[in-house]
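Trainee: Please show me the structure, and then we can go through how its helices pack.

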Amino acid sequence: MRRANPSIFFLLPAVAAIILLTIVPLVYSLYLSLTSYELGRAYLGMKFIGLDNYVTAVKDVRFLMSILRTLIFVAITVTVEFGLGLALALLFNREFKGRGLVLTIMMVPFMIAPIAVGFLWWMIYDVNYGPLNHLVVDIFHLSPNPVAWTADPRIALYSIILTDIWQYTPFMMLILLAGLRSIPPEPYEAALIDGASGLAIFRHITLPLLKPAILVAILIRTIDAFKVYDLVYLLTFGGPGTASEVASFYIYLTGFRHFRIGYAAAQSYILLIIISILVTILIRIIRRGAR
C-alpha cells in the first residue's frame with residue numbers, strides 16, 4: 001500500500017484559501033442569481049425563482065444597452081492600446097540615449113492608482129479650468145466654446161475611453177516589449193543575410209514569434225476592460241443619463257443602489273458568460289493566426 005506524499009499536506013492551506021475565497025462565493029452568487037433576494041426586503045427571505053432573473057435581464061433594455069456600451073468600450077480601448085503598445089514596444093526595443101529614463105516615465109500612468117487617475121482626468125476634463133479645453137479652445141482653436149467632455153452624452157463614453165487608453169497603454173507596451181526581448185537574434189540575422197526588408201522581417205518573423213505575448217496582453221486587457229467601473233464612477237457616474245453606463249456599473253446600481261441582489265447576481269453571470277465566449281473566440285483566432 002502506497003503512502004500519501006507528505007508534500008500534499010503543504011498544499012492544503014492554499015487549496016482551502018482558494019475554496020473559501022473563490023469557489024464558495026462563486027457558488028453562493030450563483031444561488032443568489034436564482035432567488036428573489038432584495039436587501040430592502042430581507043425579511044421576506046430568499047425565495048427560489050429559477051431562471052426568472054435571467055429572463056428579466058435579457059428583456060431589460062437598459063442592461064442590454066449597458067452591455068453594448070461595454071463592447072464598444074472594450075473594442076476601442078483594447079485595439080488602440082494594442083496598436084500604441086506595439087509601436088512603443090518596437091521603439092523601446094532599440095537602444096538609444098536616455099532609453100531607461102523615458103521608459104520609466106512612460107510607465108507612470110500604469111503605476112498610478114485608478115482612483116487617482118480618475119481625479120486627475122476629472123480635473124483635465126473640467127469645462128472651465130481644465131487644461132484640455134485650454135488646448136482645444138485657446139491654443140489650437142478647434143472649438144469656439146469649451147467642450148463638456150464628461151457632460152455631453154455624445155462624447156462622455158469616449159472621454160472615459162481616452163482615459164483608459166492613457167492609463168493602460170504602458171501595460172500593453174510592457175508585455176509586448178518583454179515578448180520582443182525574448183525573441184532570439186538568429187532568425188533576424190538569417191533574414192538580413194537573405195536580404196529581407198524590414199517589413200518582411202516584421203511580418204514573417206517578429207509577429208509570429210510575438211504571438212504568445214500578444215495573446216497574453218490582449219486577453220488580460222480584454223478581461224480587465226470588461227470590468228471597468230472605477231473610471232465610470234469617478235468621471236461620469238454613468239451619465240449624463242445613461243450615456244456612459246457600462247455593464248459593471250449598472251450591475252453595481254442594481255445591487256447596491258436598488259438592493260436587488262439576486263437580479264444583480266444574474267446580470268453578473270450573464271456578463272461572465274459573454275466574457276467567456278468572447279475570450280474563447282479570441283484565443284482561437286490568435287492561435288489560428290499563429291499556425
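Helix packing and core

Mentor: Helices α3 and α10 are oblique to each other, an angle in none of the ranges under 35 degrees (roughly parallel), over 145 (roughly antiparallel) or 65 to 115 (roughly perpendicular). This is a predicted model, where local features need pLDDT of at least 70, side-chain atom pairs count only at pLDDT 80 or more, and totals for chains, interfaces and linings use all residues. Residues are numbered from 1 along each chain as its sequence is written, and side-chain values use heavy atoms, leaving out hydrogens and water.

Trainee: At roughly what angle do the axes of α3 and α10 cross?

Mentor: Helices are DSSP runs (H or I, at least four residues), numbered from the N terminus. Axes are lines fitted to C-alpha atoms over the stretch in contact, with angles from 0 to 180 degrees between N-to-C directions. The axes of α3 (residues 61-92) and α10 (residues 198-226) come within 10 Å, and they cross at roughly 140°.

Trainee: Which helix gives the most residues to the largest nonpolar core?

Mentor: A nonpolar core joins buried Ala, Val, Leu, Ile, Met, Phe, Trp, Tyr and Cys residues through side-chain atoms within 4.5 Å. The largest one has 63 residues, and F63, F73, L176 and L210 touch the most other members. With 11 residues, the top contributor to this core is helix α8 (residues 156-181).

Trainee: Is N53 buried or exposed?

Mentor: N53 lies in helix α2 (residues 52-59). Buried means under 20% relative accessible area and exposed over 50%, with partly exposed in between (1.4 Å probe, protein chains only). The relative accessibility of N53 is 7%, so N53 counts as buried.

Terms used
Helix = DSSP H or I, 4+ residues; strand = E, 2+ residues; numbered from the N terminus.
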